[in-house]
Every structure is written in structure tokens, then in C-alpha cells.
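Biologist: I have a model open on my screen and would like to learn how to read it. Could you walk me through it, one feature at a time?

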Amino acid sequence: MNSLLLGSFPNKASLVTPGGSCWRSKNWTNNCLTIGTLGSYAPPTASWPKRKIKKEYNFLRFKQSSLVFRCEGIEGGPTCQECNRKHIVKATSGQSFESEPPAFDSKRILTSVKNSLDAFYRFSRPHTVIGTALSIVSVSLLAVQKSSDISPLFFTGVLEAVVAALFMNIYIVGLNQLSDIEIDKINKPYLPLASGEYSIGTGVTIVASFSLLSFWLGWIVGSWPLFWALFISFVLGTAYSIDVPLLRWKRFAVLAAMCILAVRAVIVQLAFFLHMQTHVYKRPVVFSRPLIFATAFMSFFSVVIALFKDIPDIEGDRIFGIQSFSVRLGQQRVFWICVSLLEVAYGVALMVGAASPCLWSKIITGVGHAAMALILWFRAKSVDFKNKASITSFYMFIWKLFYAEYLLIPLVR
């Protein structure tokens, strides 16, 4: 019976002792048969029936085929316990490689997308984007004469103007960053080009793409006031930033202020009002009292923004020869000039509101402008000129007043 059982293993084999090592026999197969697996084995007697012998033979053949994957019994190979450990590790690691990479890849992709959006957000200079969108919506409301004017036609016209203008806005601020990389490494190191998140090639691609998209949209809309607003903004924005002979007007304080004044005070108010008045509503050109007020008030505000934006950047501007008013006159002096100009503008707005024939307009605009004038004054008194973060925070507060004014302009009657 022993010879019958051993004859089913024609090659070398290894039996494992209870200590875990393999006992090798040159006449057995490449298998490790553990005592714990097979149990104790006692040689059968000759009186066993043939059916019992066949059943035992089939059982051992089944064990042979299943255990061949569990260990290697060749001489010099690992023990059975080592084999088991190896295959368990491989199985475990194989399972993790199949299940973990999708989660890891999705997390990495999500992080990459978030970082890309954050970089573009900073590149677009969001405070200017908000200001552009809000000003166009506000001025467009000045063309509304009756409640029926608030229609899908109105929203379509506003959307066309806002999207085209935002594309041009991104071109202008992007070109300025491309021209000021070295300056921004000092003044605004968090911007993508200055920090190295964007290469120059990436910046050029974004700027060129958005300028083309802006002109394309302005052309297919078919509104000449809109197209000319985009074109003039493109010319002035390019002249302001690009470093070629006779241009880069930002080096000269008066020219820099005039560029911002022309776009923020004149182009935005007049061109986008005419876009709604003549292209959307097909009405004749009319310069209403609220439109004239908006243009005059935003002229003050645009000068303030043009002067104030250089106050936090005085260090880099001085190093690179940008002769801003802050460099020439000093931070504190320019700061209080800006605050005084805004207070004068709010005083004029109070008088315009008081002269309004509409009681509700008189109350809302009067209270609104008085409140902003007081908040401006008290906030200005708390600025620490030795702290750049404090000055920058106040500059962003000026932009918030800019937004608030555009909420009041449609209520001027």
C-alpha cells in the first residue's frame, strides 16, 4: 500500500516537519505536504477494500494539485512557510494595486484640477473681473425705461456684453502680468507667472486666446458700441503694459491714470449703455441724467483706483523705475489724496440725490452715499502705513466701495 501511494508522486517531494522545515527525498515529487494538512498517516492493512484505496489515491492526487501552488520543493528553495508568506504578500499587494490606484488617481486628478482653477483665479485678478461684470449690469439697467424692458432680450444683451468684456479683461490683466514678472516677484509673488506656476508660454497662450475670443464674440454679436468698447480697451490695455518703445505707459503716472480713467469711467459707462440702448432696444441715443452722473462719479473713482493701486507696490516700482505718484510723492500723501477725492465724490452724489424728483431715489441714494462716506473715513484712520498687508486690505476695501456704487447707480433718477 505504501508503494502504491508513493508511486503517485514520480518526482522529488518535500515533507514538512512540525518545525516548519522541509524534509527532501530524491524519490518524491516537487510538493510540500504538511503534517497539519494531511493529518497523521498510518499504513493501511492489506484487508482494506479496493474502493478505500482508490478513494485515498484520489484524495492525495487532489492535494498534490492544490499544494503545488503553495510552495516549491526543489533543493535550495524556500521552506513551505516562506512560500506561504511570499504568496500571501503577493496576493495582498496585488489586491491593493488593483483597488488603490483608482482612488489615488482620482484624488490626484481632483487636486490638480483645484490647483489649476486656483492659479487661473489668481491670474484673472478677480476683483477686476467682479468690477467689470457688475459695472456692465448696472449701466445696462440705466437703459431700462419700463418693466417690460426686463425681458429675455435684456438678459441676452447683458450676457453678450459681460462675456465679451470679461474675455478682454483677462487679456488686459494677463498682459500686464507678462510684462511685470520681475516686478511682481517683489510686489505680488502669489501671482502664477511670478511664482512660476505658469510658464511664459502658458501666459501668452491664455492672453492671446482670450483676446481672440473677445473680438470674435464682439463681432458675431454685431453691436458696434460693444465692438468699439472692446477695441479701445484692447489698445489702451496694450499701451499701458507692453514694454516697447513709446508704450508701457504705466511708467508715467499721468498716462497710466488716463488709461484707467478712459476705460473704467468713459468706455464702460457710455459704450455699454449705447449697446443696450441702440443695439438691444433699437432706440435713439439719449444721454440721461443717471448716465451723466455715473460717468462723472466713476471718473473720480477711476482716478482713485489708478493712484491707489500703486501704493502697496511702491517697493518694486521704485526698484524697476516705475515713476508712479506713490514713488514720487510718497505713500501717505497719495493715500490721503485718494481718500479726499472719494469724499468729494460722495458729497457731490449726496447733492445729486437730494435734487432727485423721486422721493425713494432721494432717500436711498442719500443714505447710501452718506454711509459709504463715513465708513471710508473711519476705515482710512485705522490704516497702518508700515504694514503692507494693511494698505493692501484698504485697497481691496476701495474696490468694495466701487462695487457698492454700481448697486446705487441704477437707483439714481
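Modeller: Happy to. Keep in mind that this is a predicted model. Let's start with one residue: Ser-223 has a relative accessibility of 1%, so it counts as buried, the cut-off being under 20%.

Biologist: Where is Ser-223 in the chain?

Modeller: Ser-223 sits in the loop that links α9 (200-221) to α10 (224-241).

Biologist: And which residues does Ser-223 touch?

Modeller: Leaving out residues up to four places away in sequence, Ser-223 touches Gly-218, His-275 and His-279.

Biologist: Let me zoom out. How many helices and strands are there in the protein?

Modeller: The protein has 17 helices and three strands. Of its 413 residues, 44% are buried.

Biologist: What share of the contacts joins residues far apart in sequence, at least 24 apart?

Modeller: Take the contacts between residues at least 6 apart in sequence: 69% of them join residues at least 24 apart.

Biologist: Can you show me one such case in the model?

Modeller: Try Met-276, which is in helix α11. Its C-alpha atom is 8.8 Å from that of Leu-141, and the two residues are 135 apart along the chain. That is a C-alpha separation, so look at the contacts as a separate list: beyond its neighbours within four places in sequence, Met-276 is in contact with Ser-140, Ala-143, Phe-154, Gly-157, Val-158 and Tyr-281.

Biologist: Is Met-276 buried or exposed?

Modeller: Met-276 is buried, because its relative accessible area is 0%.

Biologist: Which residues have the most contacts inside the largest nonpolar core?

Modeller: They are Phe-301, Phe-335, Tyr-346, Leu-376 and Phe-394, in a core of 80 residues. A second, separate core has eight residues, including Ala-256, Cys-259, Ile-260 and Ala-306.

Biologist: What does Leu-376 touch?

Modeller: Again without residues up to four places away in sequence, the partners of Leu-376 are Val-339, Leu-342, Glu-343, Tyr-346, Phe-394, Phe-397, Ile-398 and Leu-401.

Biologist: Now the backbone. How do I read phi?

Modeller: Most residues other than glycine have a negative phi, so a positive value is worth a look. Here, Leu-246 has a positive phi of about 75°, and Arg-248 has a positive phi near 55°.

Biologist: Where are Leu-246 and Arg-248?

Modeller: Leu-246 is in the loop between α10 and α11, and Arg-248 lies in the loop between α10 and α11 as well. Leu-246 is exposed, because its relative accessible area is 79%. Arg-248, by contrast, is buried, because its relative accessible area is 5%.

Biologist: And Arg-251: buried, exposed or partly exposed?

Modeller: Partly exposed, because its relative accessible area is 27%. Arg-251 is found in the loop between α10 and α11. Arg-251 touches Ile-322 and Gln-323, not counting residues up to four places away in sequence. Gln-323 is 72 residues from Arg-251 in sequence, with 5.5 Å between their C-alpha atoms.

Biologist: Last topic, surfaces and pockets. How do you look for empty space?

Modeller: Rolling a probe the size of a water molecule over the atoms shows where empty space is left. In this model, the largest pocket has a volume of about 1100 Å³. As for the accessible surface of the protein, it comes to about 21800 Å², with 68% belonging to carbon and sulfur atoms.

Biologist: Which residues lie nearest the centre of the largest pocket?

Modeller: Those are His-127, Thr-128, Val-173, Asn-176 and Lys-309, out of 48 lining residues. By class, the lining has 24 nonpolar, 12 polar and 12 charged residues.

Biologist: Which helices supply at least two residues of that lining?

Modeller: Among them are α4 (80-123), α5 (126-141), α6 (152-179) and α11 (253-280). α10 and α17 (388-408) also belong to that group.

Key:
Residues numbered from 1 in each chain as written. Predicted model: local features only at pLDDT ≥ 70, side-chain atom pairs only at ≥ 80, totals over all residues. Heavy atoms only, no water. Helix = DSSP H or I, 4+ residues; strand = E, 2+ residues; numbered from the N terminus. Buried < 20%, exposed > 50% of the residue type's maximum accessible area, 1.4 Å probe, protein only. Contact = heavy atoms within 4.5 Å. Core = buried A, V, L, I, M, F, W, Y, C linked by side-chain atoms within 4.5 Å. Areas by Shrake-Rupley, 256 points an atom, 1.4 Å probe, with all protein chains shown as cover. 1 Å grid on protein atoms, 1.4 Å probe; cavity = no way out; pocket = protein on both sides within 12 Å on 5 of 7 lines; lining within 4 Å. Points joined across faces, edges and corners; volume = space filled by probe spheres on them. Nonpolar A, V, L, I, M, F, W, Y, C, P; charged D, E, K, R; others polar.
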